[in-house]
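Student: Could you take me through one spot in this model, where aromatic side chains come together, and then show me what surrounds it? I would like the reasoning as well as the numbers.

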Amino acid sequence: MLNLHNFHKSYSTGFSISVDHLNLDSGIHLIKGANGSGKSTLLKAIAGIHDFEGDIDLFGISIKKEPVTFRKMVNFSEAEPVFPEFLSLDELIRFTSQIIQPDHHQVQELKEKLGIAEYSKNPISTYSSGMLKKSALLLAFLGSPKLIILDEPFTTIDLATQGRLKVLIQSKLNQGTSFILTSHLADFEDLFEYNTTLEIKNGVLL
Amino acid sequence: MKEILIKSFVYPFYKAYLGFFILVTVVLGVFMEIKQHLMLAEKILQNDKWFLALLFTFLTYQVFQTFYIKRLIHDPRYRSFQKLSFLGFGDFIRFFTPVWLANQGLILLYTLLLCYVGIPLQAWWQVSTLLLFLTISFGISLYFNFLNFREFHPEIRLSKNRIFTNKPYLLWFIFHLKENRPLLLLLIKALSLFLLSGFFYSYYSGGYDYRWLAFGLLVASFAQYPIWLERWEFGEGKLYYFRNLPMNFGYKFGREFLVFLILMLPELTLILYQGSGMDHKRELGYLLVFWIGLNPGIFALCNWVQIHQKFSAVYLSFFLGFLAIIFGFNLAILSVLMISAAGFTFHSPYKI
């Protein structure tokens, strides 16, 4: 499904991450690693947010050669989401929906599943970290992506939402959507039956 | 402690109003010579109305500065500084005086100039009033900030906008400027309109052809640089998540071009209004097309400069633009070139 070829990303700080070759089949994959190990950098590159050297392809579609087609297949939720603070979640949903055109009832369904109440009308600046995380998760599930990347999806959200998110991931997985997840939670490895468990240490995939 | 306070309360102040300080530096440092500064200082000290206007300007600056510090104190990221409320006012003054002095640098420098000019002129009343004004404002400003540290305020948060309940993408950057850089937007637009009016005024006074106006547009467009720098930072920061969305070039560029047009509207209106008296309407058309191309071009330049960290490219571009105008290069072709440069910038899938 997902292939990385001669992937390399470096920063002016001296930190770099390299992956010679990586092939992930359809399913659910876990990437582990300490803070600052390079997990988020790798995920952002796969999501088409960061530029990098080398190439990444999903079902044979290269992000370098067909960036728009590639992005149509990948959705992403950040560990610490950042959005313009004067917009509401509803405005973010409307903007995203104009581009990816999700199913009519999907937004309401996701709002219920993720426990997003009336606050979606209020500006982002009024959200707690949990509300902000739920907003990013909702956007990541919008549309019909083939791959959903969730960076630290279970941190900052309440226990009830954690349970509902687990069910949501499992149901999407059963419908054929693949996932790449990261987490720091100790019991995270037992939450799903992962096809692959990878570990990143100091920018190197072990 | 001094360094921490300077980093936390001085750097953010200058960074937040960078555009204003760049403008002041350009106007006072580039467009005015020492002789003109001395003449202006003499005029201020000899004319009561001018002197009062100066005091009012200083007061406005002080109010902005004091309220900016208040905003910082209420920022959740500055909660650790609440511990300064444990200090007595005397200790607070000792810690916060360097911050006040650094933030008032511009005013203090100008006061020194006025003292330098005023003492030989024996303008004792003006000089002593000025020094008394600064001493009182120092005390009031620091006491106001001291009270702000002592009182725990709720966080300042944005309330729901009742007019724009659904803000289209075209307005996002304008809202960003309104919420975070209102002064930058207002001052740059005011300067830009002031410059263009000046160029039109001198054009109608005679002795210039329309290349003079084209040069005026070039100058006014470079004055917009801080706005486009802000747009670049907005794209790299708060919008970067949206790079993940599958947007094709035509959609992205069309949308951004409309944002450019909205922000260029005040100057476009002025050009149309002032240019209505021009003899050759074709030249007015060229000027309008040139202005429409200039701002996307400046944004493309800003993007390139930020990525490659080659700040000298700004001066070089201005000089090349100046030469192209002087040698009568077709303004419409220049405009197309600049719009193409912006198009190339947005062509990157990593640019939003």
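Tutor: Happy to! Let's begin with two phenylalanines, A:F86 and B:F175, both of which are buried. Please keep in mind that this is a predicted model. Over all chains, the structure contains 45 aromatic pairs. In one of them, the ring centres of A:F86 and B:F175 lie 5.9 Å apart with the planes at 25°, so this pair is stacked; the cut-off for that label is an angle under 30 degrees. The two rings belong to separate chains: A:F86 sits in the loop between strand 6 (74-77) and helix 3 (89-100) of chain A, while B:F175 is part of helix 9 (residues 169-180) of chain B.

For contrast, look at B:F13 and B:Y14, whose rings are 5.4 Å apart centre to centre with 70° between the planes, an edge-to-face arrangement. B:F13 is buried, at a relative accessible area of 2%, whereas B:Y14 is partly exposed at 24% relative accessibility. The reason the labels part here is that buried means under 20%.

Back to our stacked pair, which has further company. Ring pairs join A:F86 and B:F175 into a cluster whose other members include B:F173, B:W228, B:F234 and B:F249. B:F253, B:F257, B:F260, B:F299 and B:F346 also belong to that cluster.

Now widen the view to the interface that this pair crosses. Chain A brings 37 residues to the contact and chain B brings 31. About 3,100 Å² is buried between the two chains, and carbon and sulfur atoms give 63% of that area. Charged groups take part too: two salt bridges are found across the interface. In a salt bridge between A:E91 and B:K167, the N to O distance is 3.2 Å.

Aromatic rings in this model also meet charges. The charged end of B:R255 sits over the ring of B:Y169, 3.7 Å from its centre. Within chain A, the ring of A:F52 has the charged end of A:K64 over it, 4.3 Å from the ring centre.

Finally, for a buried element without a focus on rings, turn to strand 3 (residues 28-33) of chain A. Five of its six residues are buried, so the rest of the structure largely encloses this strand. Strand 3 of chain A pairs in the parallel sense with strand 8 (residues 178-182) of chain A, over four bridges, and A:I28 has A:F179 as its bridge partner there. Strand 3 of chain A also pairs with strand 9 (residues 196-201) of chain A, again in the parallel sense and over five bridges, with A:K32 standing opposite A:E199.

Definitions and conventions: Residues are numbered from 1 along each chain as its sequence is written. Chains are lettered from A and ligands numbered from 1 in the order in which they are written. This is a predicted model: local features need pLDDT of at least 70, side-chain atom pairs count only at pLDDT 80 or more; totals for chains, interfaces and linings use all residues. Side-chain values use heavy atoms; hydrogens and water are left out. Buried means under 20% relative accessible area, exposed over 50%, partly exposed in between (1.4 Å probe, protein chains only). Helices (H or I, at least four residues) and strands (E, at least two) are DSSP runs, numbered from the N terminus. Two strands pair if DSSP finds at least two bridges between them. Rings of Phe, Tyr and Trp (its six-membered ring) pair if their centres lie within 6.5 Å; planes under 30 degrees apart count as stacked, over 60 as edge-to-face and the rest as tilted. A charge sits over a ring if NZ of Lys or CZ of Arg is within 6 Å of the ring centre and within 35 degrees of the ring normal. Contact means heavy atoms within 4.5 Å. Buried area is the accessible area (1.4 Å probe) that two parts lose on being put together, summed over both. A salt bridge is a side-chain nitrogen of Lys or Arg within 4 Å of a carboxyl oxygen of Asp or Glu.
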